[in-house]
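Me: Please take a close look at one part of this protein, the place where two of its helices pack against each other. Once that contact is described, set it beside the other helix contacts and the sheets.

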Amino acid sequence: MTGSGMSTALLTDHYELTMVAAALAAGTADRRCVFETFARRLPAGRRYGVVGGTARAIEAISRFTFGEDELRELADRDVVDAATLDWLAGYRFTGEVDGYPEGELYFPGSPLFTVRGTFAEAVLLETLVLSVLNHDSAIVSAGARMVSAANGRPIIEMGGRRTHEQAAVSSARAAYLAGFATTSNLEAGRTYAIPTAGTCAHAFILLHDSERAAFAAQVQALGTGTTLLVDTYDITAGIETAIEVAGPELGAIRIDSGDVGVLARQARAQLDSLGARNTRIVVSGDLDEYAIAALRAEPVDAYGVGTSLVTGSGSPTAGMVYKLVEVEGRPVAKRSSHKESRAGRKSALRRHKPTGTAMEEVVYVVADGEPEAGEHDRSLVVPLMRGGQPVEGLATLEESRRRVRDGLVSLPWEGLKLSQGEPAIPTVYR
């Protein structure tokens with residue numbers, strides 16, 4: 001398992017190394033190239049995407065080096081020849097990376113992550129870059145839809161038990177980037193300083209001789225501000241017992257099963273009748289953006305989301321590709337049917353109305369010059385790495401989180417719909 005500080009060089013595909021070996025033998029490995037990461041289309045039903053994983057990708061590129069262990073593995077498996085192993089021993093990315101800052105919205109064709117360097121040093125990064133950006137962008141895009149549907153009510157991320165243990169950490173980060181309030185994942189809290197939260201599962205209730213005993217033990221340990229899980233046996237009886245044990249100042253109850261909309265209405269009426277008017281209602285259990293939107297009119301104060309978040313709510317990858325678009329200043333493009341790419345290194349700006357509402361994404365070839373920008377237009381591509389090193393002043397997670405929020409506010413209202421439709425704004429190519 002590759003952890004912080006360890007090499008990321010083998011988090012790649014076999015053919016990346018064999019391409020380098022062949023290019024070294026042919027004398028073409030040092031040709032200056034531009035590779036561009038973009039999505040040809042958005043996942044079905046999506047009106048926008050959100051860039052996630054940029055900071056993780058930059059950090060992973062910084063650790064993409066071949067030490068003794070990695071070189072020995074390649075030699076033992078006879079992946080490449082001795083000359084290529086010698087070249088890899090001295091490898092460190094020394095090129096440039098430009099792209100959309102993390103948390104920025106994107107649309108079909110947006111040049112999200114552009115890598116410039118020699119063919120050999122840039123092609124090696126393809127799998128790693130796509131692995132990080134496709135995963136994190138899928139998660140944060142799904143999470144942003146959930147945050148929008150929640151309409152200001154907090155969401156806790158609790159998907160760690162529904163995905164790979166390391167993916168759970170990056171998913172929690174992506175969820176926080178999208179606007180989730182907290183995560184249940186302690187490693188994400190440690191690694192990314194994300195607020196964590198949690199109280200108990202049904203097993204804790206079942207452990208005790210009665211629901212009352214379980215509630216009393218939890219309140220004694222965590223105080224009356226805790227959240228009591230009331231649906232282990234009978235919700236109505238559970239709520240009554242919860243207030244008897246904790247008093248009307250109980251922080252919250254959680255409902256994890258059943259028709260949570262109906263149950264939330266009944267719970268609110270019961271809590272109010274018991275004098276617990278400030279006790280919040282938290283619901284969880286297979287929620288996604290559609291379920292959250294359906295609950296908007298219900299007396300729900302917070303949501304817990306797990307499976308749908310860590311699986312991208314039906315779109316577990318963002319469908320991004322990493323394509324060669326320029327060789328020694330010469331534009332190149334793939335012309336295969338259904339897998340076309342546009343030649344030349346590109347950049348982008350977003351046009352806005354005076355009100356701040358986004359109108360269109362303008363993608364242009366850098367060599368042709370930047371289009372004239374209006375007063376309210378905004379350039380999207382920023383420097384991310386220079387000379388193989390992260391640029392100073394890259395956005396923090398909190399800054400990127402605000403960028404997501406501001407981006408959602410800038411969309412036309414149709415772009416926030418959860419129904420099928422065209423992208424929120426069109427992509428115009430210059």
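Reply: Helices α7 and α15 are oblique to each other, because their angle of about 55 degrees falls in neither the parallel, the perpendicular nor the antiparallel range. The model is a predicted one. Helix α7 covers residues 165–178 and helix α15 covers residues 397–410, and their axes are 7 Å apart.

On the α7 side, the residues in this contact are Arg173, Tyr176, Leu177 and Ala178. They meet Leu397, Glu398, Ser400, Arg401 and Val404 of α15. Sorted by class, the contact of α7 with α15 has five nonpolar residues, one polar residue and three charged residues.

A second helix pair is α10 (residues 211–222) with α11 (residues 235–246). Their axes lie 9 Å apart and the packing angle is about 40 degrees, which means that α10 is oblique to α11. The crossing of α10 and α11 is right-handed. From α10, the residues involved are Glu211, Arg212, Phe215, Ala216 and Val219. Their counterparts in α11 are Ala237, Gly238, Thr241, Ala242, Glu244, Val245 and Ala246. Seven of the residues in the contact of α10 with α11 are nonpolar, two are polar and three are charged.

The third pair is α2 (residues 54–62) with α6 (residues 126–150), where the axes come within 9 Å and cross at roughly 160 degrees. The cut-off for roughly antiparallel is over 145 degrees, and α2 is therefore roughly antiparallel to α6. The crossing of α2 with α6 is right-handed. Helix α2 contributes Thr54, Arg56, Ala57, Ala60 and Ile61 to the contact, and α6 contributes Leu128, Val129, Val132, Leu133, His135 and Asp136. The residues of the contact of α2 with α6 comprise seven nonpolar, two polar and two charged.

Next, the sheets. One is an open sheet of six strands with parallel pairing, in the order β7-β6-β11-β10-β9-β8. Its edge strands, each paired on one side only, are β7 (182–183) and β8 (227–229). Strand β8 pairs with β9 (residues 252–255) in the parallel sense, over three bridges. In that pairing, Leu228 stands opposite Ile253 of β9.

Another open sheet has four strands in the order β16-β14-β15-β19, and its pairing is mixed. Here the edges are β16 (378–379) and β19 (427–429), and each of these strands pairs on one side only. Strand β14, residues 346–352, pairs with β16 in the antiparallel sense over two bridges. Leu349 has Ser379 of β16 as its bridge partner.

Last, the domains. The domain assignment of the protein gives domain 1 as 14–139 + 315–429 and domain 2 as 199–283. The C-alpha centres of domain 1 and domain 2 are 47 Å apart.

Notes: Residues numbered from 1 in each chain as written. Predicted model: local features only at pLDDT ≥ 70, side-chain atom pairs only at ≥ 80, totals over all residues. Heavy atoms only, no water. Domains from an automatic or database assignment. Pairing = 2+ DSSP bridges. Axes fitted to C-alpha atoms, helices over the stretch in contact; angles between N-to-C directions. Parallel < 35°, antiparallel > 145°, perpendicular 65-115°, else oblique. Left-handed = near helix turned anticlockwise from the far one by under 90°. Contact = heavy atoms within 4.5 Å. Nonpolar A, V, L, I, M, F, W, Y, C, P; charged D, E, K, R; others polar.
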